[in-house]
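Trainee: I would like to work through this model with you. Can we take it one question at a time?

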Amino acid sequence: MKILSETLKYIFKNIVFVLVFAIIPACYIGGMLHPFSIVSYLTNYSAHQINNFGDILGGLFGMGWMHVIVWIFAAIILIIILSAALGNIENHFRSGKLNVSNSLGFINNNVLACSIFFLVYITVYLIFKFLLGLVIFILHIVAGRLGQVATPFLVVIVTLISAVALLLFAFTIMFLLLGLVDTLNSGYSFRTSMSNASELIQNNVLKLIMLIVIPFLIVIPLIVLGNLFAFASIANIVSLIILFAYFPVLAYTYYYEVSGITRYDNIKRYYY
C-alpha cells in the first residue's frame, strides 16, 4: 500500500521531529488520565455488576471534576502541539524543508482552526461514549442481567458491538482530521473542508479503514495487557505516542496522494 509505505517512510525518516511532538502530549495525557477508558472498561467488563445506567457511564467515563480540569489542560496542550506539528508537516510537504524553528508561527496560524475541529471532536467523543453506554445498558435489560454480571454470551456481544463502534468512531476522527488538513492547506471553512474530505474518502473507504486499523493492532493488545498486568500508564503513554506519531502524518500523506498534490519533501526520489 503506497499511502502506508509513504506514511511510515516519513515517520522513520523524520523520527526525532515526529517523536518530539508525539511524546509531550502522550506523557501528559497517558500519565495523568485514562484516554483508553473504553478498552479498559471492556477488559474487566465481565466482572462488573450492572445495577443502573450510571454504573456503565461511570466505567466508560470514569472521571470526576479534577479529571475534567486536567482534561482541559490536556486539550490546550494537544491543540498547541497539533497546531505546530501539522504546520511543520504541511510546510515540509509544500517546500521540502523541515524548519521546526517556525513552530510559533504555525501555532499562531493554525490554533483557531485546530480549536474548532477539536471542539467538534470532543462533542463526537462524548456523544459516542454516551450512546455506547446506552446500548450496553439496553442489552443488559434485554438479557435480564440488571444487578448481575454479564453472561459469557453477553460479553461476546458487547465486545463485538464495541469493536464496531470503536472502528466507526476512529473513522469519524480520521474524517475530521482530513477536514482539518484541508482547512489548513486551502483556508476553507469548516463546512467546505468537511465536504472536500468526504469527496476524498468516498471512493477509498475500505482502504482508509485498513489504514486506520493498522496502529490499533498494536495499541489495543497493549492497553489490554497494561490493564491486566498493572502497567496501564506506560501502556497508555506508548499507545498515544504511536497514535500521535501515525495519524497526523497519515492524514497529510493520504490528503496529498488522493488529491494529486505534488509533495516536495521526497522530491529527490524523482532524480534517482
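Trainee: Is Asn-266 buried or exposed, and what is its relative accessibility?

Mentor: Keep in mind that this is a predicted model. Asn-266 sits in the segment after helix 10 (232–259). Buried means under 20% relative accessible area. Asn-266 counts as buried because its relative accessibility is 7%.

Trainee: Which side chain does the side chain of Asn-266 contact?

Mentor: The contact is a polar one, at 3.4 Å. The partner also counts as buried, at 10% relative accessibility. The side chain that Asn-266 meets is that of Glu-6.

Trainee: Which residue forms a salt bridge with Glu-6?

Mentor: The closest N and O atoms are 3.8 Å apart, and the cut-off is 4 Å. The pair links distant parts of the chain, with Glu-6 in helix 1 and its partner in the segment after helix 10. They are 257 residues apart. The partner is Arg-263.

Trainee: What is the relative accessible area of Arg-263?

Mentor: The cut-off for buried is under 20%. Arg-263 falls in the buried class. Its relative accessible area is 10%.

Trainee: Which residues are linked with Arg-263 in a network of salt bridges?

Mentor: One bridge joins Arg-263 to Glu-6. Another joins Arg-263 to Asp-265, with the closest N and O atoms 2.6 Å apart. Arg-263 and Asp-265 are both buried. The residues linked with Arg-263 in the network are Glu-6 and Asp-265.

Trainee: How many salt bridges does a search of the whole structure find?

Mentor: Side chains of opposite charge can pair when their charged atoms come close. Among the bridges is the one between Arg-263 and Asp-265. Another joins Glu-90 and Arg-94, at 3.0 Å from N to O. The search of the whole structure finds four.

Trainee: Why are Glu-90 and Arg-94 separated by about one helical turn?

Mentor: Both residues lie in helix 5 (residues 65–95). Their separation is about one helical turn because, along that helix, they are four residues apart.

Trainee: Which class of exposure does Arg-94 fall in, and which does Glu-90?

Mentor: Buried ends at 20% relative accessible area, and exposed begins over 50%. Arg-94 has 44%, so it is partly exposed. Glu-90 has 8% relative accessibility, so it counts as buried.

Trainee: Turn to the surface. Which helix supplies the largest share of the nonpolar patch?

Mentor: The patch covers about 550 Å² and is made by Leu-8, Phe-12, Ile-15, Val-16, Val-20 and Ile-24. Helix 1 (2–13) and helix 2 (15–32) each supply at least two of its residues. The largest share is four residues, and it comes from helix 2.

Trainee: What is the relative accessibility of Val-20?

Mentor: Val-20 belongs to the nonpolar patch. Its place is in helix 2. Val-20 counts as partly exposed, with a relative accessibility of 44%.

Trainee: Which residue has a positive phi although it is not a glycine?

Mentor: Look in the loop between helix 9 (205–228) and helix 10. The residue there is exposed, with a relative accessible area of 74%. Its phi is about 60 degrees. The residue is Ala-230.

Trainee: How far apart are the C-alpha atoms of Pro-152 and Ala-163?

Mentor: Pro-152 is found in helix 7 (residues 152–186). Pro-152 is exposed, at 68% relative accessible area. Along the chain, Pro-152 and Ala-163 are 11 residues apart. Their C-alpha atoms are separated by 16 Å.

Trainee: Now the whole chain. What is its radius of gyration?

Mentor: The protein chain has 10 helices and two strands. For 272 residues the globule rule gives 19 Å, and the chain's value is close to that, so the chain is as compact as a globular protein of that length. The radius of gyration is 20 Å.

Trainee: What percentage of the residues in the protein chain is buried?

Mentor: The surface gives some context: the chain exposes about 13,700 Å², and carbon and sulfur atoms supply 71% of it. The chain has 272 residues. Buried residues make up 43%.

Key. Residues are numbered from 1 along each chain as its sequence is written. This is a predicted model: local features need pLDDT of at least 70, side-chain atom pairs count only at pLDDT 80 or more; totals for chains, interfaces and linings use all residues. Side-chain values use heavy atoms; hydrogens and water are left out. Patches are made of residues with over 30% relative accessible area and no salt bridge: like charges are joined within 9 Å, nonpolar side chains (Val, Leu, Ile, Met, Phe, Trp, Tyr) within 5 Å. Accessible areas come from the Shrake-Rupley method with a 1.4 Å probe; for residues, only the protein chains shown count as cover. A salt bridge is a side-chain nitrogen of Lys or Arg within 4 Å of a carboxyl oxygen of Asp or Glu. Buried means under 20% relative accessible area, exposed over 50%, partly exposed in between (1.4 Å probe, protein chains only). The radius of gyration is taken over C-alpha atoms; the globule rule is 2.2 Å times the number of residues to the power 0.38. A polar contact is a pair of N or O atoms within 3.5 Å; within protein, one must be able to donate a hydrogen and the other to accept it, and residues adjacent in sequence count only if both atoms are side-chain atoms.
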